[in-house]
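Hi,

Here is the structure I promised to pass on. Have a look at it first, and then read on for what turned up.

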Amino acid sequence: MAGTRKAAVTVVLAALALTATACDNDKSADKNAAPATPSAAAPTGAKPEKVSPAVFLEQVTQKTGAAKSAKVDELIQVGEITMKGQGALSWADGLEADLAMDLSGSPLGKVLAPITGGPKAHYLYTKDAVFLGLGGELLQNSGPRWVRYTMADMAKASGGATDQLQSADPVQGVRTLIAGGKVTEVGPETVNGKATTHYSGVISAADLAIASTQGITQAQADRIKKGLDAAGIASEQVDVWVDADKLVVKRTEQAESKVGAVNVSVSYSDYGTPVIAATPVDYIDLADLQKAAAGS
């Protein structure tokens, strides 16, 4: 059971790392930008020049990147494991987030229950650490209210992955789709009550061999490939839905892994929303918490 659980967690982290591509302020793909928009998103009567899906999606990364933040609603499914998250994400200067996670559908919920006080967890993501809200018996009136996980802590727990939050970044998600080199326009669809245009593509390790020419660097492509290999994923389908303002409304990822089907879905709304994810003043480091638990 422990081995299966560890493998499932590894697949989750690998799936989330699939969108760990270029940083939002990376301008390496600017040369692909074009001023036209697709006919599906154009105002009535307008007849803009049609551009390729890849060129249009690069425009989407520029417009979505400029929005800097949004509210997110995320669903992660790996085999029989389910995790849900809601909150706000900022990519203005690195990734920061304030997220509430429902882990009741995952073994992780039971593992964290003594720390969080239940199957739900409150996370603050800053540029260099993750803070988990304390609850239950660990939360004392005069004690710390958060436990801090450093990048080293996260790497140790996940087998080297430290970029789990990348799964929610809409800019990097679109750039990963472009990097696959096989993106197509599916057509107009209504998603979350908004008129959108649907784009789809398949990503494989072979596709990523030429990713350095598709808007991300080879080092970033190698990192994605490593995540695919670790999870036993041969290829992954990525879909995005974009509104008339060239903002991502929804993104999904689907793949078959060594522990079952992987499905990740993230919806975006309220672009430009404020995100407060400052380092708390009342926290305890994970290592110190572990020492206190061992002593008791």
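**What I found**

Let me start with strand β9: 7 of its 9 residues are buried, so the strand is largely enclosed by the rest of the structure. Before going further, please keep in mind that this is a predicted model.

β9 has a partner on either side. With β8 it pairs in the antiparallel sense over 9 bridges, and with β10 the pairing is again antiparallel, over 7 bridges. You can follow one row across these strands: Val-202 has Gln-237 of β9 as its bridge partner, and Gln-237 in turn has Gln-254 of β10 as a bridge partner.

The hairpin of β9 and β10 has 4 residues between the strands, and one residue to look at there is Lys-246. Its phi is positive, about 65°, although Lys-246 is not a glycine. Why point that out? Most residues other than glycine have a negative phi. Is Lys-246 buried or exposed? With a relative accessibility of 15%, Lys-246 counts as buried, since the cut-off for buried is under 20%.

Asn-192 makes a nice companion case. This residue sits in the loop between β7 and β8, and its phi is also positive, near 55°, again without being a glycine. Here the relative accessible area is 53%, so Asn-192 is exposed.

**The chain as a whole**

Stepping back, the protein chain has 7 helices and 12 strands. Of its 296 residues, 47% are buried. The accessible surface comes to about 13800 Å², and carbon and sulfur atoms account for 54% of that. If you count contacts with a separation of 6 or more, 60% of them involve residues 24 or more positions apart.

**The sheet**

How are the strands arranged? The 12 strands form an open sheet with mixed pairing, and the order to trace on your screen is β7-β8-β9-β10-β11-β1-β2-β3-β4-β5-β6-β12. The edges are taken by β7 (184–191) and β12 (283–285); each has a single partner strand, so one side of each is left without a neighbour in the sheet. On average, neighbouring strands are turned by 20° against each other, ignoring direction.

Further along the order, β2 (residues 81–90) and β3 (residues 96–105) run antiparallel and are joined by 8 bridges. To find your place in that pair, look for Thr-82, whose bridge partner in β3 is Gly-105.

Two helices that pack on the sheet are worth finding. α3 (residues 107–116) touches β2, β3, β4 (120–125), β5 (129–133) and β6 (146–150), and its direction makes about 75° with that of β5. α5 also packs on the sheet, touching β2, β8 (194–204), β9 (235–243), β10 (248–257) and β11 (260–269); the angle between its direction and that of β8 is about 55°.

**Helix α5 in more detail**

How many of the residues of α5 (residues 170–179) are buried? The count is 10 of the 10, so this helix is largely enclosed by the rest of the structure. Among those buried residues are Gln-172, Arg-175 and Thr-176, along with Val-174, Leu-177 and Ile-178.

Both ends of the helix have something to show. At its start, a side-chain oxygen of Asp-169 comes to within 3.0 Å of the backbone nitrogen of Val-171. After the helix comes Gly-181, with a positive phi near 75°.

**An aromatic pair**

Last item: the structure holds 4 aromatic pairs. The one I would pull up is Phe-131 with Tyr-283, an edge-to-face pair with 5.3 Å centre to centre and 70° between the planes. It links distant parts of the chain, as Phe-131 is in strand β5 and Tyr-283 is in strand β12, 152 residues apart. The surroundings of the two rings can be read from their accessibility: Phe-131 is buried, with a relative accessible area of 1%, whereas Tyr-283 is partly exposed at 30%.

Cheers

How values were computed: Residues are numbered from 1 along each chain as its sequence is written. This is a predicted model: local features need pLDDT of at least 70, side-chain atom pairs count only at pLDDT 80 or more; totals for chains, interfaces and linings use all residues. Side-chain values use heavy atoms; hydrogens and water are left out. Buried means under 20% relative accessible area, exposed over 50%, partly exposed in between (1.4 Å probe, protein chains only). Contact means heavy atoms within 4.5 Å. Accessible areas come from the Shrake-Rupley method with a 1.4 Å probe; for residues, only the protein chains shown count as cover. A polar contact is a pair of N or O atoms within 3.5 Å; within protein, one must be able to donate a hydrogen and the other to accept it, and residues adjacent in sequence count only if both atoms are side-chain atoms. Two strands pair if DSSP finds at least two bridges between them. Axes are lines fitted to C-alpha atoms, for helices over the stretch in contact, and angles run from 0 to 180 degrees between N-to-C directions. Rings of Phe, Tyr and Trp (its six-membered ring) pair if their centres lie within 6.5 Å; planes under 30 degrees apart count as stacked, over 60 as edge-to-face and the rest as tilted.
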